[in-house]
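Open the model in your viewer and keep the sequence panel beside it. The tour goes stop by stop, with something to select at each one.

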Amino acid sequence: MSTFLFGEIIFGPVASRRLGVSLGINLLPKDRKLCSFNCIYCECGLNPGKDAPNPKLPTRKQVATQLERQLQEMQKDGKLPDVLTFAGNGEPTLHPDFAAIIDDTIELRERYCPQARIAVLSNATRLHRPAVFDALLKVDDNIQKLDSALEDTVQLLDQPQGRFSLTDTVAQLQKFKGRVTIQTLFVKGHYQGQSINNTTEEEVQAWLQLLQEIAPREVMIYTIARDTPIPTLEKADSTTLHAIANRVRALGIKAQVST
């Protein structure tokens, strides 16, 4: 099935299902995906093979210059964004200047649109790096992925690249002391002869247990909305998603659903 890449450093604004009017910031290459996960549902497609050319990342200066230019234009039009969102073609925290770029973005936000939030959509694989962790504490919406509490499901659904420990990831998420939002994509289907369904009672119960340990300020629950690189995946239905959200709220944690 067809997927797409973001062809610019700054993209949008777009109407985000979860965040509102979002101006996107892509710290990854324009022509390929670069990610520490290889999620089989990713709308950007799968990671390129080992023979792919080296990725070309935008510089810190390029990001700041293009973001300022876009904010100036939006200010002139009187249509400023609700949120500045680090997303794009993979994992934004892979950029070597991620922490410095966050500082630049905070400065530009205060200058042009102080009411806007800054959000980072991340897969939580770089939280062990102090500079990344500290930078995430500075943003308004620190949104980290947790698609399952079961290691085998994470390996199948998210396809971590290189070393990955779910236990270590949860420990890092706990260190935010509530200053984190967890996002989880629920999906059904099969892949390489294996069944995938993270909406089962076993999955949901284990996931709820981890949420209690992490104690996030909010949980974002969603499912696939666009084409995926693996055509054997199916959306989780709205009734199921809302039922899961109600169980999160019963723990005293805010939950929102996007279908």
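Strands, like helices, are DSSP runs, a strand having at least two residues, and they are numbered from the N terminus. Strand S2, for instance, covers residues 20-26, and Ser22 is found in it. Keep in mind throughout that this is a predicted model.

**Stop 1: Ser22**

Select Ser22 in strand S2. Is Ser22 buried or exposed? Its relative accessibility is 5%, and because buried means under 20%, Ser22 counts as buried. Now add Asp82 to the selection. Ser22 and Asp82 are 60 residues apart along the chain, yet their C-alpha atoms are separated by 6.0 Å.

Next, show what Ser22 touches. Leaving out residues up to four places away in sequence, these are Phe11, Pro13, Val14, Ser16, Val83 and Thr85. With Thr85 there is a polar contact between the two side chains, at 2.6 Å.

**Stop 2: Pro13**

One of the residues touching Ser22 is Pro13. Select Pro13, which is found in strand S1 (residues 10-16). Then look at the peptide bond leading from Gly12 to Pro13: this bond is cis, with omega near 10 degrees.

**Stop 3: helices H1 and H2**

Select residues 60-77 for helix H1 and residues 98-112 for helix H2. The two axes come within 10 Å and cross at roughly 20 degrees. Because angles under 35 degrees count as roughly parallel, H1 is roughly parallel to H2. The crossing of H1 past H2 is right-handed.

Which residues make the contact? Show these side chains:

- from H1: Arg60, Val63, Ala64, Leu67, Glu68, Leu71, Gln72 and Gln75
- from H2: Ala100, Ile101, Asp104, Thr105, Leu108, Arg111 and Tyr112

Coloured by class, the contact of H1 with H2 shows eight nonpolar, three polar and four charged residues.

**Stop 4: Lys145**

Move to strand S5 (residues 141-145) and select Lys145. Lys145 has 11% relative accessibility and counts as buried. The side chain of Lys145 makes a polar contact with the side chain of Tyr41, at 2.6 Å. Not counting residues up to four places away in sequence, Lys145 touches several others, including Phe37, Cys39, Ser122, Asn123, Asp158 and Tyr222.

**Stop 5: Leu185**

Keep Tyr41 on screen and add Leu185, which is in strand S6. Leu185 and Tyr41 are 144 residues apart in sequence, while the distance from C-alpha to C-alpha is 9.2 Å. Leu185 is buried, with a relative accessible area of 3%.

What does Leu185 contact, leaving aside its neighbours within four places in sequence? The residues are Tyr41, Asp147, Leu157, Asn198, Tyr222, Thr223 and Ile224.

**Stop 6: Thr223**

Thr223 is among the contacts of Leu185, and you can select it now. Thr223 sits in the loop between strand S9 (218-222) and strand S10 (233-235). With 0% relative accessibility, this loop residue counts as buried.

Look at which backbone atoms lie by a polar atom of the Thr223 side chain. The backbone oxygen of Phe186 is 2.7 Å from such an atom. The backbone nitrogen of Ala236 is 2.9 Å from such an atom.

**Stop 7: helices H5 and H6**

Select residues 166-174 for helix H5 and residues 201-214 for helix H6. Their axes are 8 Å apart, and the helices pack at an angle of about 40 degrees. H5 and H6 are therefore oblique to each other. H5 contributes Val170, Leu173 and Gln174 to the contact, and H6 contributes Leu210, Glu213 and Ile214. By class, the contact of H5 with H6 has four nonpolar residues, one polar and one charged.

**Stop 8: two loop residues**

Finish with the loops that involve these two helices. Select Lys177, in the loop between H5 and strand S6 (181-185). Although Lys177 is not a glycine, its phi is positive, at about 55 degrees. Lys177 is exposed, with a relative accessible area of 73%.

Then select Ala215, in the loop between H6 and S9. Ala215 is a residue other than glycine with a positive phi, near 55 degrees. Is Ala215 buried, exposed or partly exposed? Its relative accessible area is 40%, so Ala215 is partly exposed.

How values were computed: Residues numbered from 1 in each chain as written. Predicted model: local features only at pLDDT ≥ 70, side-chain atom pairs only at ≥ 80, totals over all residues. Heavy atoms only, no water. Axes fitted to C-alpha atoms, helices over the stretch in contact; angles between N-to-C directions. Helix = DSSP H or I, 4+ residues; strand = E, 2+ residues; numbered from the N terminus. Parallel < 35°, antiparallel > 145°, perpendicular 65-115°, else oblique. Left-handed = near helix turned anticlockwise from the far one by under 90°. Contact = heavy atoms within 4.5 Å. Nonpolar A, V, L, I, M, F, W, Y, C, P; charged D, E, K, R; others polar. Buried < 20%, exposed > 50% of the residue type's maximum accessible area, 1.4 Å probe, protein only. Polar contact = N/O pair within 3.5 Å; in protein donor to acceptor, adjacent residues only side chain to side chain.
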